Amino acid sequence: MKSLLQTLVKVSSAIMPLLLASSCVSYHYMTTDIHRDLSFDRTVYAGADSSDLADNGGRGAFMFSVDSLWSISRLEKPFSVVADGENVLMNVSATRHFNSFSEKCFVPVSQEMEGNPLLFPQENVSRKFKWFFTEYRYNAVYAGIDSLPVPLDRYLSPEEQRNFLLKVVVPEGSNGVELYNSLDKINTSFSRWMNANVFTAAYGAIKGFLPPEQLAAAESEKEKVFGSMTKRDMLGWTPEEFCRQFDSLMAGAPFFHEVYVRNSSAIDSAYYESEKVLEYFSLSFENRVNLPGKVVRTDAPVLDDGTPVWKVDCYRLLYGDYELDVVSRETNIWAIVLTFIILAAAIYFLLQSSGILKSKPEQ
């Protein structure tokens with residue numbers, strides 16, 4: 001199993017530079033402690049650099065606004081978590097108490113994070129009294145990402161998406177080499193899909209500024225240029241770079257860059273609006289949820305000393321909605337004691353009324 005995981009990490013590392021070429025990944029380690037009254041405390045840990053610690057108390061490490069409702073502190077004993085095969089140091093925390101899950105938890109720290117489904121899960125918790133025990137259930141649903149210009153289905157089958165983005169299913173009898181080759185093939189298609197999104201966003205941003213004659217010329221060259229461009233690493237390209245590359249691949253006289261120079265501000269704005277969802281991939285959470293009692297059922301892939309653990313990022317959301325579910329039971333000791341007393345009393349009166357417990361007459 002270790003070798004298979006190492007293989008998956010190796011292949012995943014090939015797509016990380018593609019998706020995050022212009023972003024710095026922000027890892028958050030989050031614990032949610034749910035109380036018997038269904039209120040909860042949430043603590044989010046992050047890694048802050050020395051300058052942010054000195055100037056801002058570490059607030060800049062969080063991808064949400066740490067306002068006065070949050071209590072932020074620097075950890076006396078920093079700890080590391082493993083994220084994408086690397087150790088990430090957690091040295092600051094932000095804690096807040098919530099009366100219920102109806103309260104808004106996170107406010108994005110920047111416009112790039114507006115609409116990021118990782119910050120807006122649909123969370124709820126319930127409690128059911130069942131005499132000898134009380135059952136608690138936590139459920140969260142992170143909405144899938146379907147707003148990219150090019151559907152992923154055009155490049156990966158549902159099975160390939162599930163294996164690559166959600167949970168790899170190792171065919172029986174496969175060895176490490178076969179698994180690597182299979183994932184590497186999927187990775188190539190995935191990379192081309194990402195490039196197709198960049199191409200579609202950039203072409204769509206400039207298309208509206210082309211006069212009819214140039215638009216007709218661009219449309220006639222589009223498929224050929226697309227085929228050449230998507231074999232390269234396009235993520236991180238600016239609209240200006242896209243225009244230069246398009247000009248270099250056209251058979252006729254180049255004009256894309258000239259049009260861009262005349263309309264750069266509007267084209268940049270249209271482009272970044274259409275591909276801003278790629279910024280969502282710069283955020284990743286490790287979620288841990290603690291409920292009263294003992295966990296009896298969960299869909300978490302990992303239980304750490306009885307605590308369910310999920311990793312949530314936008315890769316998983318490309319496959320669809322991602323659900324977190326856990327159920328716990330807490331024994332009602334008082335109910336057991338009360339039941340014993342009631343049963344003992346009932347037995348006593350039953351025996352007494354039947355005469356079994358009547359005292360013998362004195363001689």
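Which residue's side chain meets that of E103 in a salt bridge? In this predicted model, the partner turns out to be R96, with N and O lying 3.8 Å apart. The two ends of this pair sit in rather unlike surroundings. R96 is buried, at a relative accessible area of 11%, while E103 comes out as partly exposed, at 27%.

That pair belongs to a wider set, since a search of the whole structure turns up 13 salt bridges. Another of them links E240 with R244, and here the closest N and O atoms are 3.2 Å apart. Both residues belong to helix α6, which covers residues 239-249, and because they are four residues apart there, about one helical turn separates them. E240 is partly exposed, with 27% relative accessibility, and R244 is partly exposed too, with 44%.

Things look rather more hidden around R316 and D313. These two form a salt bridge whose closest N and O atoms are 2.9 Å apart. R316 counts as buried at 19% relative accessibility, the cut-off for buried being under 20%, and D313 is buried as well, at 11%. Elsewhere, K130, E135 and R329 are joined into one network by salt bridges that share partners.

Not every charged residue is paired up like this. D146, D299, D321 and E323 together make a negative surface patch, and patch residues are ones with no salt bridge. Of this group, E323 has its place in strand β11, which spans residues 322-331. Its relative accessible area is 40%, so E323 is partly exposed.

How values were computed. Residues are numbered from 1 along each chain as its sequence is written. This is a predicted model: local features need pLDDT of at least 70, side-chain atom pairs count only at pLDDT 80 or more; totals for chains, interfaces and linings use all residues. Side-chain values use heavy atoms; hydrogens and water are left out. Patches are made of residues with over 30% relative accessible area and no salt bridge: like charges are joined within 9 Å, nonpolar side chains (Val, Leu, Ile, Met, Phe, Trp, Tyr) within 5 Å. Accessible areas come from the Shrake-Rupley method with a 1.4 Å probe; for residues, only the protein chains shown count as cover. A salt bridge is a side-chain nitrogen of Lys or Arg within 4 Å of a carboxyl oxygen of Asp or Glu. Lys and Arg count as positive and Asp and Glu as negative; His and the chain ends are not counted. The place of a charge is taken as NZ of Lys, CZ of Arg, CG of Asp or CD of Glu. Helices (H or I, at least four residues) and strands (E, at least two) are DSSP runs, numbered from the N terminus. Buried means under 20% relative accessible area, exposed over 50%, partly exposed in between (1.4 Å probe, protein chains only).
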